[in-house]
Amino acid sequence: MIDLKGYGPALLEGAVVTIELAFFSLALALVLGLVGASAKLSKSRVAIGIATTYTTLIRGVPDLVMMLLFYYGGQVAVNNLSDYLYDAYDIDFFFQFDPFISGVITIGLIFGAYMAETFRGAFLAVESGQIEAARAYGFSQWRTFHRIILPQMLRHALPGIGNNWQVLLKTTALVSIIGLTDMVRVAEEAAKAERMPFHFFIPVAFVYLSLTAGSELFIKWLNKRANVGVVQGS
Amino acid sequence: MPEFLAELLNQNDIFTGPTIMEYWGGLVTTVQLVFLSLILGLLVAVPLAIMRTSKNPLINGPVWFYTYIFRGTPLLIQLYIIYYGLAQIEGIQQTFWWDIFREAFYPALLAFTLNTAAYTTEIIRGAIVATPSGEIEAAKAYGMSWALRMRRIILPSAARRGVQAYSNEVIFMLHASAIASVVTLVDLTGAARNIYSRFYAPFDAFIFVALLYMALTFMLVFAFRKLENYLLQHQRPVSG
């Protein structure tokens, strides 16, 4: 076993933080993606406009810049709000904007935009006859969505979700820059203190590699399951 | 300078001449870094992609390993390993390499080049593999050698198929280059971070730089659309 100079437990805790961060961000991204895709496919011009602005803005700005903006800007905004509430209504309200929350919000927002595109394509791939049939059976809109559209679109959305997840996982490393003690941060501090960069960064790289490799296998398995009912031409 | 612009600059405390110059310096660094790493990455990726399509595992295996490692780990980790790691190599400080890698720009350039080369290799490989077999058969029937076939048939056809995925990679690289600011480089993001800490004005500093990145992104998108139109000219529907 490699000697981690006593940083082993801290690195392990950091790895747990990384995984938590990735899952919370994924959850937010999936919700935003579904909302964004629904908005893009709706008939309301306002909803289409908002969703298009959202996805365009996200694609134009680097993830790190957005993260810095949310982390530093979020605190200033909260401070201003808290000052205002105290002056105007005598309410003592304060909220520390921590790196974890900023990270989840930023990564969730970014990948929500990518998920929205994935879901939009998947929704469109569901045959309209299926939806018409559900309506003819008297299904409500919600029922049509979760009994007919969702199960069928998932098959088309899975490869896109998988790709987004792989990129998301690697983006979580950026949150160490705004001070979250994830495994990258721990490795960086250890590497500086011990002057052994390879010794600490290579194990962390391997953790990421095994996470992405494991996800790849899992996504393959999910894909197989989702496509059980489909005859594939060879 | 137009008068209204001069007035605007005089009226605020943040966007003064020195600030604008700092952003300009950052812009130059970002553009140099991204442009050089993309060019070098592409030069490395073409031969690697050809090797990657080889049926010999001794040729295609190492390239697969390289792309797998670089695509499976975060660029930030790669940057840290190269930036902090190069200085630790035994004896490097006595060689001329040290004059190059002592500055943060070159380790960052190396990390970005290796990263983008890995992604680009896989993009080109995918495009090569998708070449219609009829095109290759026809080239063989004409008696073209392997090299001629590659140069005249397979690579141009792959370029057309790969350009869209490659444009995404270019934009990804522009955005990823923001992390150069963590190894003391003053690129666009680095400039914004300096200005943020000088004035404690996160919105001004970061929204301004976000707009600059957005402008760069849309310029790239526009340029690639032109390039795609040019490359796929023959497939355009006949109008009129």
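A residue counts as buried if 20 or more other C-beta atoms lie within 10 Å of its own. This cut-off is used in the legends below, which describe a predicted model.

**Figure 1. Ile50(B) in helix H2 of chain B.** Ile50(B) has 20 other C-beta atoms within 10 Å and is therefore buried. The residue belongs to H2 of chain B, a helix that covers residues 17-52. Between Ile50(B) and Asp13(B) the separation is 37 residues in sequence, and their C-alpha atoms are 55 Å apart in space.

**Figure 2. Length and bend of helix H2 of chain B.** H2 has 36 residues, which should span 52 Å at 1.5 Å a residue; the end C-alpha atoms are 51 Å apart, so the two values agree. The helix nevertheless bends by about 30° at Ala45(B). A proline, Pro47(B), follows within four residues of that position.

**Figure 3. Annotated spans of chain B.** An unreviewed UniProt entry places the feature "transmembrane region" at residues 31-51, 63-84, 104-121, 170-193 and 205-224 of chain B. Two of these spans are described here. Residues 31-51 are 100% helix and 0% strand, with end C-alpha atoms 30 Å apart. Residues 205-224 are also 100% helix and 0% strand, and their end C-alpha atoms lie 29 Å apart. The unreviewed UniProt entry further places "domain: ABC transmembrane type-1" at residues 27-224 of chain B. Over residues 27-224 the model is 80% helix and 0% strand, and the end C-alpha atoms of this span are 20 Å apart.

**Figure 4. The contact between chain B and chain A.** Chain B contributes 29 residues to the contact and chain A contributes 28 residues. On the side of chain B that touches chain A, the elements giving two or more residues are helices H3 (57-72), H4 (75-86), H9 (188-199) and H10 (202-231) of chain B. H10(B) gives the most, with 10 residues. By class, this side of chain B has 21 nonpolar, seven polar and one charged residues.

**Figure 5. The largest nonpolar core and Ile77(B).** The largest nonpolar core has 114 residues. Those with the most contacts inside this core are Val65(A), Ala187(A) and Val204(A) from chain A, and Ile77(B) and Ile179(B) from chain B. Leaving aside neighbours within four places in sequence, Ile77(B) is in contact with Ala173(A), Val184(A), Phe201(A), Val204(A), Ala205(A) and Tyr208(A). Val204(A) thus appears both in this list of contacts and among the core residues with the most contacts.

**Figure 6. Chain A as a whole.** Chain A has eight helices and zero strands, and its pattern along the sequence reads α-α-α-α-α-α-α-α. Along the principal axes, the C-alpha atoms of chain A fill a box of roughly 65 × 60 × 30 Å. Of the 234 residues of chain A, 36% count as buried. Among contacts in chain A with a separation of 6 or more, 76% are between residues 24 or more positions apart.

**Figure 7. The kinked helix H6 of chain A.** H6 covers residues 141-171 of chain A and has 31 residues. Its end C-alpha atoms are only 36 Å apart, short of the 45 Å that a straight helix would reach at 1.5 Å a residue. A kink of about 50° lies at Ala157(A), shortly before the proline Pro159(A). Ala157(A) is itself buried, as are Met153(A), Ile161(A), Asn164(A), Trp165(A), Leu168(A), Leu169(A), Lys170(A) and Thr171(A) of H6(A). What covers the buried residues of H6(A) includes H1, H3 (63-89), H4 (99-125) and H8 (197-226) of chain A.

**Figure 8. Val17(A) in helix H1 of chain A.** Val17(A) is found in H1, residues 8-41 of chain A. With 23 C-beta neighbours inside 10 Å, Val17(A) counts as buried. Neighbours within four places in sequence aside, Val17(A) is in contact with Leu180(A), Thr181(A) and Asp182(A). Val17(A) and Gln166(A) are 149 residues apart in sequence and 17 Å apart in space, C-alpha to C-alpha.

**Figure 9. Ala190(A) in helix H7 of chain A.** Ala190(A) lies in H7, residues 183-194 of chain A. This alanine has 22 C-beta neighbours inside 10 Å and so counts as buried. Leaving aside neighbours within four places in sequence, Ala190(A) is in contact with Lys5(A), Tyr7(A) and Phe200(A). Ala190(A) and Ala205(A) are 15 residues apart in sequence, and their C-alpha atoms are 15 Å apart in space.

Terms used:
Residues are numbered from 1 along each chain as its sequence is written. Chains are lettered from A and ligands numbered from 1 in the order in which they are written. This is a predicted model: local features need pLDDT of at least 70, side-chain atom pairs count only at pLDDT 80 or more; totals for chains, interfaces and linings use all residues. UniProt positions are given in the numbering used here, feature names are shortened, and annotations may be inferred rather than shown by experiment. Two residues are in contact if their C-beta atoms, placed from the backbone, lie within 7 Å. Ala, Val, Leu, Ile, Met, Phe, Trp, Tyr, Cys and Pro count as nonpolar, Asp, Glu, Lys and Arg as charged, and the others, Gly among them, as polar. The expected span of a helix is 1.5 Å times one less than its number of residues. The bend at a residue is the angle between axes fitted to the seven residues ending there and the seven starting there. A residue is buried if 20 or more other C-beta atoms lie within 10 Å of its own, exposed if 12 or fewer, and partly exposed in between; C-beta atoms are placed from the backbone. A nonpolar core is a set of buried Ala, Val, Leu, Ile, Met, Phe, Trp, Tyr and Cys residues joined through C-beta atoms within 7 Å.
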